[in-house]
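Okay, thanks for coming, everyone. Let me put the structure up, and then I'll walk you through how the pieces sit together.

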Amino acid sequence: MPHPSVTMSDVARRAGVHAATVSRALRDDPRITAAQRRKVRRVATELGYRTNPLVAALMSARRAGRHPAYRATFACLTRYPAEQAAKFHRDYGELLAGARARALAQGYRVEEFNTHAPDLSARRLTEILLSRNIHGLIIAPLYSVRETLELDWTQFGAVGIGYSLKGVTINRVGHDHFNGYQLAVRHARAAGRRRAGLVLQRRVHEKVERRWVAAALLDQSDQPTRERIPPLLLDTPDAGKFAAWFNRHQPDVILGLEVPLLLAWLRELGRAAPRDVAVVSLDRRSTDRGIAGVRQDYAKLGANAVDLLVGLTHRNERGLPANAFTLLTEGVWQDGRTLAVKRPAA
């Protein structure tokens, strides 16, 4: 039987050829010898490889020098006040761009709908979307940790990004926060930093379902008792609480978000980064020049959301799933001057 997890690269490795050769052989390309075509087909059959019809159609269109024909429009549902629009697009612009690029390559479009309007009822939102023949939804990250969206889910296939949408059982894509913390602290330790301290706002801590703190506590359990530092969770940005925590525990590397604010608080304490204490971002953006940290790759998250939604659309799957799943994407490490090798004291 075909095995959905077998890829063209798997066939290429078994056959001892390049993936491009496998692709051409399976298309009966005359540039590939008959003997090689037979070998590739035999290996593909043995492994249970099955061509993805969507990918095949897309590649056929690209080889013909044309874009895929328009199929449908997806809605990217957001929720933010008008005064927060600039911040949302600054924070998640790459996510929306990645979703639109991947959708366009497969014959779809993505249109943003801001659902913040207080008079926009679930019924009215559903009517608006259906009147535009939209049956596929991408739910962008919401600001609040307790927000939900009310609409007739039975009419739509939907994929959420992140964990902020509550009260709804939905398939999701998200950053692997647990792995991201492990990646960050591994680089910090490679630079000679042993006393790692995590600083987060409680709202963000809850929004990522406590995954960063869980990873930090697991890491701390593997360290000597004298090097264990409890995470600092702040209800609001608070330089005083930060100073008390820092002076008590003396971390030599701080992991968290809002790195410019952390650097400012350290300067108020007479500490310089990375000379006295290193700072690592758990959500390093493209605009964070010089900051070391983990890039979450929002464009990839947006593209993954579209891929899942295209699958739901082709299978005509609508409504909320009985058993939802989450597709996690690992982050990528980015070097920066806020983390340098710790020099031994003279």
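**Two sheets and what packs on them**

So, start with helix 12, residues 298–314: helix 12 lies across strand 1, strand 2, strand 3, strand 4 (157–161), strand 5 (171–175) and strand 11, and runs at about 165° to strand 4. Before I go on, this is a predicted model, where local features need pLDDT of at least 70 and side-chain atom pairs count only at pLDDT 80 or more, while totals for chains, interfaces and linings use all residues. Residues are numbered from 1 along each chain as its sequence is written, and side-chain values use heavy atoms, with hydrogens and water left out.

A few terms, for the method people. Helices (H or I, at least four residues) and strands (E, at least two) are DSSP runs numbered from the N terminus. Contact means heavy atoms within 4.5 Å. Axes are lines fitted to C-alpha atoms, for helices over the stretch in contact, and angles run from 0 to 180 degrees between N-to-C directions.

Now, the sheet under helix 12. It's an open sheet of six strands, order 2-1-3-4-5-11, with parallel pairing; two strands pair if DSSP finds at least two bridges between them. Strand 2 (108–114) and strand 11 (326–329) are the edges, each pairing on one side only. From one strand to the next, the twist averages 20°. Zooming in, strand 1 (residues 72–78) pairs with strand 3 (residues 136–139) in the parallel sense over four bridges, and alanine 75 has leucine 137 of strand 3 as its bridge partner.

Next sheet. Here six strands form an open sheet in the order 7-6-8-9-10-12, and the pairing is mixed. The edges are strand 7 (232–234) and strand 12 (332–334), each paired on one side only. The twist in this sheet averages 20° from one strand to the next. Strand 6 (residues 196–201) and strand 8 (residues 253–256) are parallel, over four bridges, with valine 199 opposite glycine 256 in strand 8. Helix 11 (residues 259–268) lies across strand 6, strand 7, strand 8 and strand 9 (278–281), at about 165° to strand 9.

On to helix against helix. Helix 7 (residues 177–190) and helix 9 (residues 211–221) have axes that come within 8 Å and cross at roughly 45°. That makes helix 7 oblique to helix 9, given that angles under 35 degrees count as roughly parallel, over 145 as roughly antiparallel, 65 to 115 as roughly perpendicular and the rest as oblique. On the helix 7 side the contact residues include Phe178, Tyr181 and Val185, and on the helix 9 side Trp212 and Leu218 are among them. By class, that contact has eight nonpolar, two polar and three charged residues; Ala, Val, Leu, Ile, Met, Phe, Trp, Tyr, Cys and Pro count as nonpolar, Asp, Glu, Lys and Arg as charged, and the others, Gly among them, as polar.

The other pair is helix 1 (residues 8–15) with helix 3 (residues 34–47), packed at an angle of about 120° with axes 9 Å apart. Helix 1 and helix 3 are therefore oblique too.

Last thing, salt bridges: how many are there? The count comes to 14, taking a side-chain nitrogen of Lys or Arg within 4 Å of a carboxyl oxygen of Asp or Glu. One of them joins glutamate 127 to arginine 123, with the closest N and O atoms 3.3 Å apart. Both residues lie in helix 6 (residues 122–131), four residues apart, about one turn of the helix.
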